[in-house]
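Got your viewer open and a hand on the mouse? Let's take a walk through this one together, stop by stop.

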2 protein chains.
Amino acid sequence: MAAASVGQVNIAVIGAGGVGKCFLAQLEQLAARRPSPKLALTYISTSKKAIYSDEHAAIPINDVSSTLASSRQTPLALSQLVDFLGKSGVNTVLVDNTSSQDVADAYPQFLGRGISIVTPNKKAFSGSYQLWQDIFAAAERSGARVYHESSVGAGLPVISTLKDLVDTGDEVTKIEGVFSGTMSFLFNSFAPTSGSGGQWSAEVKKAKELGYTEPDPRDDLNGLDVARKLTILARLAGLPVESPTAFPVQSLIPKELESATSGDEFLEKLPAFDAQMEETKAAAEKEGKVVRFVGSIDVATKQVKVGLEKFDLSHPIAALKGSDNIISFYTKRYGSNPLIIQGAGAGGDVTAMGVTSDLLKVLSQIA
Amino acid sequence: MAAASVGQVNIAVIGAGGVGKCFLAQLEQLAARRPSPKLALTYISTSKKAIYSDEHAAIPINDVSSTLASSRQTPLALSQLVDFLGKSGVNTVLVDNTSSQDVADAYPQFLGRGISIVTPNKKAFSGSYQLWQDIFAAAERSGARVYHESSVGAGLPVISTLKDLVDTGDEVTKIEGVFSGTMSFLFNSFAPTSGSGGQWSAEVKKAKELGYTEPDPRDDLNGLDVARKLTILARLAGLPVESPTAFPVQSLIPKELESATSGDEFLEKLPAFDAQMEETKAAAEKEGKVVRFVGSIDVATKQVKVGLEKFDLSHPIAALKGSDNIISFYTKRYGSNPLIIQGAGAGGDVTAMGVTSDLLKVLSQIA
């Protein structure tokens with residue numbers, strides 16, 4: 001067991017995929033730029049590989065992805081990892097760059113041992129309400145910190161802003177926005193504010209080819225990703241939402257295609273359902289509006305919902321571009337004009353930025 | 001001298017005007033809601049009155065404005081205040097709710113004594129570059145914190161977002177926006193995206209009557225307020241801007257009216273100059289655009305400027321409503337679509353909110 005090290009913070013990273021690789025690049029930069037506190041990467045793992053040592057020796061961050069690929073060590077079980085990090089005697093931050101429910105379920109154990117957590121993983125904060133309560137109770141008891149800015153809107157300051165509003169005593173009345181880069185891209189192309197837009201199935205196919213969707217586009221079209229984000233924001237606004245399936249979520253997967261055996265089969269059969277989406281689009285156009293896939297939280301009536309809505313062409317939600325997110329906070333202090341945050345809400349670099357800025361927050365508090 | 005008190009933070013407040021009163025209301029709420037750390041208001045002053053005791057006894061926050069009005073104590077000189085707060089032995093935060101250059105000039109002394117500062121006062125951060133350097137050097141040495149979110153865009157998360165971008169290693173290429181609630185209101189009414197808008201002098205008069213301008217509207221129209229905000233953001237983005245007069249700032253005060261002896265005389269004579277503004281508006285309209293008063297920072301070319309610009313009707317800056325601010329950050333990571341923050345950028349409650357959330361940040365770090 002290493003002796004307590006003043007001015008050092010140990011970093012443990014789980015996950016080295018898209019976001020994970022970008023985070024490691026930012027961590028390397030950060031460690032080089034800031035002499036104090038000394039940041040020591042003492043554990044890193046993917047689903048199959050890991051690097052760590054009993055002495056909690058610092059792992060060179062430079063090129064760690066390839067070192068990891070050739071490592072012969074396998075990841076510690078989560079309970080072992082809690083123990084390994086907890087007994088170092090050094091302030092430690094766990095960076096969870098996975099989207100794993102298993103890792104999320106172990107947060108209360110990590111936090112209970114005084115290990116802080118920063119993560120873009122939505123699962124911990126949008127799963128059962130019990131897990132949410134366990135996480136924050138464990139942090140409260142031990143004094144460990146937990147931040148998850150990138151779980152909504154990637155690096156956009158969405159969660160920190162909502163917390164500031166609530167913590168300074170403002171009354172949030174409504175939150176509304178486009179919370180999915182994929183859905184944003186699809187509807188900005190399918191139903192643009194000027195021009196006629198493409199066919200629905202063709203736009204979904206294009207989005208997949210551009211890498212804007214999950215491998216199976218149904219994982220975006222079912223609305224669950226947006227529902228998870230809404231669950232997180234609703235809870236932060238004070239509503240004890242039980243789960244992301246506890247409120248109405250409109251799925252854009254035609255019933256008949258729910259059982260398609262693959263994303264490819266789904267895409268092949270989707271054109272047969274274009275007429276439905278065309279109808280929705282035409283109905284909006286008749287009112288001089290466009291259709292968008294949005295989420296909203298009405299705090300007073302405790303209503304959370306996700307689905308298609310119509311917007312005037314001059315509405316900021318209609319005017320969105322590319323795969324941008326937009327989030328509007330209506331509050332007592334801000335009155336009729338909401339506080340709006342807009343920009344890229346997906347992508348490795350901007351998601352990792354949210355994680356890195358959370359890490360900086362934790363460092364300013366524990367080091 | 002009081003003994004060091006664990007779990008207590010002393011708060012000293014200078015200024016109890018519009019923002020100051022709103023802050024005190026938020027502080028009272030906060031102290032009631034959060035048992036730890038215990039927040040003790042130990043000093044409060046206006047320009048003429050003060051309340052404090054040698055024992056640093058906590059002053060009841062409830063109704064403190066009226067207690068203050070009937071107090072027989074006068075404010076301590078700033079050097080005395082540094083001493084008074086510094087010798088309490090308790091972690092202390094100075095909340096400067098004034099717009100005083102004198103108080104700003106004393107920040108390095110406060111910080112040097114380990115007293116943290118939160119403030120909406122622009123003067124300290126937009127004055128001489130030497131003062132800026134002295135402030136952050138003093139904080140660095142003592143470990144005291146200094147936050148000033150409300151010095152730009154009131155409670156909007158403008159400064160925290162820019163710091164996050166820079167601190168996580170993003171490259172900010174350009175910052176552009178409408179930084180004055182007064183200018184926003186004036187141009188949204190004078191040159192709306194639909195309809196013809198009012199006469200310039202009439203809009204200025206209306207804005208003054210609605211309380212949207214300084215007592216003398218020339219203090220808004222000279223562009224200095226915007227120039228101060230640009231100076232702060234430019235410095236945070238890494239440009240060592242010497243002062244708010246070190247770059248081009250367009251004044252909307254006709255030369256002939258610079259010497260008017262009062263705001264009233266100015267308003268009386270302004271209609272004679274409406275033709276100039278009408279011409280500017282018509283020139284923009286000819287290109288299908290509207291005119292707006294904006295500030296911009298081009299980081300690569302190190303160009304900062306403040307003045308009138310023309311925007312397409314579909315541009316977010318053109319579509320702004322009421323007295324909202326909008327700030328766009330163009331960065332390497334965010335690519336062609338900027339990160340945008342929009343909403344009320346003035347008003348007592350939202351400005352105080354920025355101060356209170358800064359205070360919460362400091363508390364999370366020092367308590």
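The tour goes from the whole assembly to a few spots inside the chains.

**Stop 1: the two chains**

Before you start, keep in mind that you are looking at a predicted model. Colour chain A and chain B separately. A rotation of 180°, with 0.0 Å of shift along its axis, lays chain A on chain B with an RMSD of 0.0 Å. The two copies are thus related as by a two-fold rotation axis. They also use the same surface to meet: 100% of the contact residues of chain A recur in chain B.

**Stop 2: where the chains meet**

Now select the residues at the contact: 36 residues come from chain A and 36 residues from chain B. How much area do chain A and chain B bury between them? About 2,900 Å², with 55% of it on carbon and sulfur atoms. On the chain A side, pick out Arg333(A), Tyr334(A) and Met353(A). These three lose the most area to chain B, and together they make up 20% of what that side buries.

**Stop 3: an annotated domain in chain A**

Next, select residues 15–149 of chain A. The UniProt record (an unreviewed entry) annotates this stretch as "domain: Aspartate/homoserine dehydrogenase NAD-binding". Show it as a cartoon: the chain here is 44% helix and 16% strand. Click on the C-alpha atoms at the two ends of the stretch, and you'll find them 17 Å apart.

**Stop 4: a listed binding site**

Stay in chain A and zoom in on Gly15(A), Ala16(A), Gly17(A), Gly18(A), Val19(A) and Gly20(A), which the unreviewed UniProt entry lists under "binding site". Start with Gly17(A), in the loop between strand E1 (8–14) and helix H1 (18–33) of chain A. Is Gly17(A) buried, exposed or partly exposed? Its relative accessibility is 39%, so Gly17(A) counts as partly exposed.

Then move along to Gly20(A), which lies in helix H1 of chain A. Here the relative accessibility is 0%, so Gly20(A) counts as buried. Which residues does Gly20(A) touch, leaving out those up to four places away in sequence? Gly15(A) and Asn97(A).

**Stop 5: rings in chain A**

Time for some aromatic side chains. Over all chains, a search of the whole structure turns up 22 aromatic pairs. Take Phe125(A) and Trp132(A): their ring centres are 6.4 Å apart and their planes stand at 90°, so this pair is edge-to-face. Phe125(A) is buried, at 0% relative accessibility, and Trp132(A) is buried too, with a relative accessible area of 9%. Add Tyr107(A) and Phe136(A) to your selection, and you have a cluster: ring pairs link these two with Phe125(A) and Trp132(A).

**Stop 6: rings and charges in chain B**

Hop over to chain B and select Phe190(B) and Trp200(B). This is an edge-to-face aromatic pair, 5.2 Å centre to centre with 70° between the planes. Phe190(B) is in helix H9 (residues 181–190) and Trp200(B) in helix H10 (residues 200–209), so the pair links parts of chain B that are 10 residues apart. Both Phe190(B) and Trp200(B) are buried.

Don't leave Phe190(B) yet; bring up Lys281(B) as well. The charged end of Lys281(B) sits over the ring of Phe190(B), 4.3 Å from its centre. For one last look, select Lys174(B) and Tyr330(B). There, the charged end of Lys174(B) sits over the Tyr330(B) ring, 5.5 Å from the ring's centre.

Key:
Residues numbered from 1 in each chain as written. Chains lettered and ligands numbered in written order. Predicted model: local features only at pLDDT ≥ 70, side-chain atom pairs only at ≥ 80, totals over all residues. Heavy atoms only, no water. Phe/Tyr/Trp six-rings, centres within 6.5 Å; stacked < 30°, edge-to-face > 60°. Buried < 20%, exposed > 50% of the residue type's maximum accessible area, 1.4 Å probe, protein only. Helix = DSSP H or I, 4+ residues; strand = E, 2+ residues; numbered from the N terminus. Lys NZ or Arg CZ within 6 Å of the ring centre and 35° of its normal. UniProt positions renumbered as here; feature names shortened; annotations may be inferred. Least-squares fit on C-alpha atoms with pLDDT ≥ 70 in both. Contact = heavy atoms within 4.5 Å. Buried area = accessible area lost by both parts, 1.4 Å probe.
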